[in-house]
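Good morning, and thank you for joining. I should like to take you through one model today, beginning with a pair of strands and moving outward from there. Please have the sequence and the structure in view.

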Amino acid sequence: VYHNGHLATGFGINSVGKIPLGLKRKGLRILVTGGAGFVGSHLVDRLMSRGDSVIVVDNLFTGRKENVMHHFGNPRFELIRHDVVEPLLLEVDQIYHLACPASPVHYKHNPTNVVGTLNMLGLAKRVGARFLLTSTSEVYGDPLQHPQVETYWGNVNPIGVRSCYDEGKRTAETLTMDYHRGASVEVRIARIFNTYGPRMCIDDGRVVSNFVAQALRKEPLTVYGDGKQTRSFQFVSDLVEGLIRLMEGEHVGPFNLGNPGEFTMLELAKVVQDTIDSSAKIEFRPNTEDDPHKRKPDITKAKEKLGWEPKVSLREGLPMMVSDFRQRIFGDHVENGG
Ligand code: NAD
Ligand code: UDP
Ligand code: UDP
């Protein structure tokens, strides 16, 4: 289905955006910050395949060169190792701003969301580029409204262990809207819900990657708390489609981009058992502080304004991630086993 985690769920060149199919379109110069990461690298694949020139800026903190290596040697592709907390001068038409340590084990004590976003907005202002921020469902905190609609302001603890991420992204949204209103920068805001797929970090502690790696390694699946908390899991190709539609469309947002299919962590463990190893054991562990009890996107707005909705269910998407993880954990010599 994919090579080097490259999804073959292909979308036609120019299938979205203002340029009609079939017409020659001048390639854009597109900056993808965090483009060597999980989501970013899949986005880069799509942009490269439709003929654009892509500059990836990444400090390789959680991203990996391997995720974009298949573009090395292509004159339309460039990888710059750079921390977006430092200013950066480039000339581009669009900026997809993804750079951010996105997992709880990585994101603490990091000014990327605020300073990095400010720099990229400054860059967008100087060169007149359109700027897309990848915000998060975490801006809703431990939500008191269910499912979450974009108009909900959220329930976030400003001084907790997750605040650096939640409040960092909330500040990033504020900066984005201020540059939009104050400096007329064209902006787009996506609020991304839990996303999984090939190339996800194996050991960054997120639940889908943990369960899949644990099941493959014949270790028990670690369920935190009572396992009744819920999340809604989106396959990465659906997210990339949504991000491109948002960038090319006319609406600022914010837009929820997520799959409304909601699962408890125990239900997720069951899907992983069914997909990988029905004898996998479950081990309960204490939950982390301020863990949101439930999360599910209301995607009415994205459906109406972007004509977007996810297509890949958890049971369809998980196997595509499993074969990538199997290869990375056991190496190429293991073809079908594990
Ligand atoms: P990821 O960790 O795989 O990718 C983030 C990338 O940013 C990595 O390649 C990392 O090296 C890079 N980076 C981090 N700090 C940087 C810095 N200071 N300068 C330059 N590069 C830096 O995570 P991902 O899941 O691909 O997330 C991408 C974006 O989507 C993030 O902004 C994240 O907040 C957002 N998001 C993701 C999810 C999800 O479930 N994956 C959910 C909500 C929001
Ligand atoms: N910036 C950048 N690249 C650019 C333009 C600006 O990294 O091409 C940074 C700049 O260093 C500053 C931030 O973006 O820290 C905000 O820039 P802006 O011009 O909006 O603010 P100012 O410099 O006027 O305070
Ligand atoms: N979780 C779990 N086992 C793990 C890792 C996470 O049960 O090995 C739980 C975690 O407590 C949370 C949910 O899974 O309730 C989602 O966690 P993740 O870090 O993947 O995403 P986020 O909390 O940022 O939505």
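Let me begin with strand β4 and strand β5 (residues 77–81), which pair in the parallel sense over five bridges. Within this pairing, Val-54 stands opposite Phe-77 of β5. I should say at once that the model is a predicted one.

β4 covers residues 53–58, and five of its six residues are buried, so to speak of it as mostly covered is fair. β4 also pairs with strand β3 (residues 29–33), again in the parallel sense and over five bridges. Here the bridge partner of Ile-30 is Val-54 in β4. Between β3 and β4 the chain passes through helix α1, residues 38–49, and this β-α-β crossover is right-handed.

How is α1 itself placed, covered or uncovered? The helix is mostly covered, with 10 of its 12 residues buried. The buried positions in α1 are Phe-38, Val-39, Gly-40, Ser-41, His-42, Leu-43, Val-44, Asp-45, Arg-46 and Leu-47. In an α-helix there are 3.6 residues a turn, so residues three or four places apart point the same way. As to its length, α1 reaches 17 Å from its first C-alpha to its last, close to the 16 Å expected at 1.5 Å a residue. After α1 comes Gly-51, with a positive phi near 100°.

Let me now widen the view to the whole protein. Its secondary structure comes to nine helices and 15 strands. Of its 338 residues, 45% count as buried. Among contacts between residues at least 6 apart in sequence, 80% join residues that are at least 24 apart.

I turn next to the ligands. Around ligand 2 we find Pro-87, Leu-88, Leu-89, Leu-118, Asn-119, Gly-122, Leu-123, Lys-125 and Arg-126. This shell divides into five nonpolar, two polar and two charged residues.

Which residues come nearest to ligand 3? Of the 14 residues around it, they are Arg-206, Val-207, Asn-210, Thr-222 and Tyr-224. Helix α5 (207–216) and strand β10 (221–224) each supply at least two residues of the shell around ligand 3. β10 gives the most to that shell, with three residues. By class, the shell around ligand 3 holds five nonpolar, six polar and three charged residues.

To close, I return to the starting point: β4 pairs in the parallel sense with β3 and with β5, and Val-54 is the bridge partner of Ile-30 and stands opposite Phe-77. Thank you; I welcome your comments.

Note on methods. Residues are numbered from 1 along each chain as its sequence is written. Chains are lettered from A and ligands numbered from 1 in the order in which they are written. This is a predicted model: local features need pLDDT of at least 70, side-chain atom pairs count only at pLDDT 80 or more; totals for chains, interfaces and linings use all residues. A residue is near a molecule or strand if its C-beta atom, placed from the backbone, lies within 6 Å of it. Helices (H or I, at least four residues) and strands (E, at least two) are DSSP runs, numbered from the N terminus. Ala, Val, Leu, Ile, Met, Phe, Trp, Tyr, Cys and Pro count as nonpolar, Asp, Glu, Lys and Arg as charged, and the others, Gly among them, as polar. A residue is buried if 20 or more other C-beta atoms lie within 10 Å of its own, exposed if 12 or fewer, and partly exposed in between; C-beta atoms are placed from the backbone. Two strands pair if DSSP finds at least two bridges between them. A crossover is right-handed if, with the strands pointing away from the viewer, the path from the first strand over the helix to the second runs clockwise. Two residues are in contact if their C-beta atoms, placed from the backbone, lie within 7 Å. The expected span of a helix is 1.5 Å times one less than its number of residues.
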